[in-house]
Amino acid sequence: MSPLVEAFDPTTATLSDLAAWTVVYTKGQSELSGGAPLTEELAERLRAGRAGEAWRWAARVAPRTPVQGVAELRRQHHDARIGFLRLFVTDPARRKGIGAQLREAVVEEARARGMDRLQSTVLAGTPGEPFARASPYLRTLLRLELQKQYLDEPTLRRCWSLAATPARGYRLTHWQGAVPEELAASFGRVMAHLLDAPGAALQMEARAWGVAQVREWERKVTEDGSQLVVGAALDCLSDQVVAATVSTVTGGPVADQHDTAVLPAHRRKGLASRVKATQALRVHDLFPHVEAMAVTINRENRAMLAVNRSLLYKSVSERLLVEESLTGH
């Protein structure tokens, strides 16, 4: 019997299907990215329609059996022509055609909505990499390293020592949620330099980072219910942001550490490690349930890999950012 794949609307799904869908999703996301929201937290947001714009599917090995495969398609924030796919199948249901049928449904929807490329991240090696490479139009954009910083006593002591010794002429700070109005413009100028990192141009496009764009970015990164925490360094002369790093926190035990950037004129002064140290300390203080920070880094970004080593991040696994052309070339 062929697997059954159907569009999944969490606002009308049965409670049992919603529970099964979120269990498969959060387990897969945790294995892939190091962290995920709590299943009940995700189910509540999905049921209430507070998880952002996305298209979702559920798959079963046969009718009236539990959901064992899930897929979610979103538009990339920086380019609406690029879709981003998350697809997870439970171990017992693999190699039964569920993943392939889910992927076909996603590709059809993406094309219908005007997307011409589909990106996803997969674990290097089996089973993720061979499954992704089934498409003849797939290419690997980046080789990435998933790392975790466990917020144990040795790590917190290391972060305290860095945060307590900012470079001369700088002040370390942080905020939770929206950037203070007086810092929004300078924070945007820092974020405009995210493209300076190796490989960043493959994941985002150059764009203006005025105050309006900062506010829209804040809305986007928290639309799934995540809490935003930013560590930053201010120039004492101008009292403006010159370095920053971003994290998001859910109810799960692992927070996501995202982008870090430093203005060119202020580099090689230890600011990146110190804003990340400040951020880790604030996440630990504000969210005692968080046990670790997870981050994905391009393996070519040697400078940031060195910063993370200084902050006691540990390598967990290797991932690939892959992109599939939907136009057949």
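How does the radius of gyration of the protein chain, with its 329 residues, agree with that of a compact globule? A globule of that length would have a value near 20 Å, and the protein chain has 20 Å, so the two agree. Keep in mind as you look around that this is a predicted model.

**Stop 1: the whole chain**

Show the protein chain as a cartoon and turn it slowly. You can look for nine helices and twelve strands. Line the view up with the principal axes, and the C-alpha atoms fill a box of roughly 70 × 40 × 35 Å.

Now switch on the surface. The protein chain exposes about 15200 Å², and carbon and sulfur atoms supply 53% of that area. Buried residues make up 52% of the 329 residues. Try colouring by charge as well: there are 42 positive and 37 negative side chains, and the centres of the two sets lie 4 Å apart.

How far apart in sequence are the residues that touch? Take the contacts between residues at least 6 apart in sequence: 72% of them join residues at least 24 apart. You will visit some pairs of distant residues later in the tour.

**Stop 2: two cysteines**

Select cysteine 159. Is this residue buried or exposed? Its relative accessible area is 0%, which is under 20%, so cysteine 159 counts as buried. Next, select cysteine 236, which is partly exposed because its relative accessible area of 45% falls between the 20% and 50% cut-offs. If you search for disulfides, the structure holds zero.

**Stop 3: two loops with a positive phi**

Go to arginine 64, in the loop between strand S2 (55–60) and strand S3 (69–76). Phi of arginine 64 is near 65°, a positive value in a residue other than glycine. Show its side chain against the surface: at 83% relative accessibility, over the 50% cut-off, arginine 64 counts as exposed.

Then move along to aspartate 239. Which strands does its loop join? Aspartate 239 lies between strand S8 (227–235) and strand S9 (240–249). Phi is positive here too, near 60°, again in a residue other than glycine. With a relative accessible area of 37%, aspartate 239 is partly exposed.

**Stop 4: along strand S4**

Select strand S4, residues 79–89, and pick out alanine 80 within it. Alanine 80 counts as partly exposed, at 44% relative accessibility. Which residues does alanine 80 touch, leaving aside neighbours within four places in sequence? They are Arg75 and Met115. For a distance to try yourself, draw a line from alanine 80 to arginine 113: they are 33 residues apart along the chain, and their C-alpha atoms are separated by 9.5 Å.

Arginine 81 is also in strand S4. It is partly exposed, with a relative accessible area of 41%. Draw another line, this time from arginine 81 to lysine 269. The two residues are 188 apart in sequence, and 38 Å separates them in space, C-alpha to C-alpha.

**Stop 5: glycine 270**

Now select glycine 270, in the loop between strand S10 (254–262) and H8. This glycine is partly exposed, with a relative accessible area of 28%. How many Å lie between glycine 270 and leucine 146 in space? Their C-alpha atoms are 23 Å apart, and in sequence the two residues are separated by 124 places.

**Stop 6: inside helix H8**

Continue to helix H8, residues 271–286, and select glutamine 279. Is glutamine 279 buried or exposed? Its relative accessible area is 1%, under the 20% cut-off, so glutamine 279 is buried.

Show everything in contact with it, ignoring residues up to four places away in sequence. Glutamine 279 touches Val229, Gly231, Thr245, Val246, Ser247, Gln257 and Met293. Finish by selecting histidine 174 together with glutamine 279: they are 105 residues apart along the chain, and their C-alpha atoms are separated by 6.8 Å.

How values were computed. Residues numbered from 1 in each chain as written. Predicted model: local features only at pLDDT ≥ 70, side-chain atom pairs only at ≥ 80, totals over all residues. Heavy atoms only, no water. Helix = DSSP H or I, 4+ residues; strand = E, 2+ residues; numbered from the N terminus. Rg over C-alpha atoms; globule rule 2.2 N^0.38 Å. Buried < 20%, exposed > 50% of the residue type's maximum accessible area, 1.4 Å probe, protein only. Contact = heavy atoms within 4.5 Å. Areas by Shrake-Rupley, 256 points an atom, 1.4 Å probe, with all protein chains shown as cover. Lys, Arg positive; Asp, Glu negative; His and termini not counted. Charge placed at Lys NZ, Arg CZ, Asp CG, Glu CD. Disulfide = S-S within 2.5 Å.
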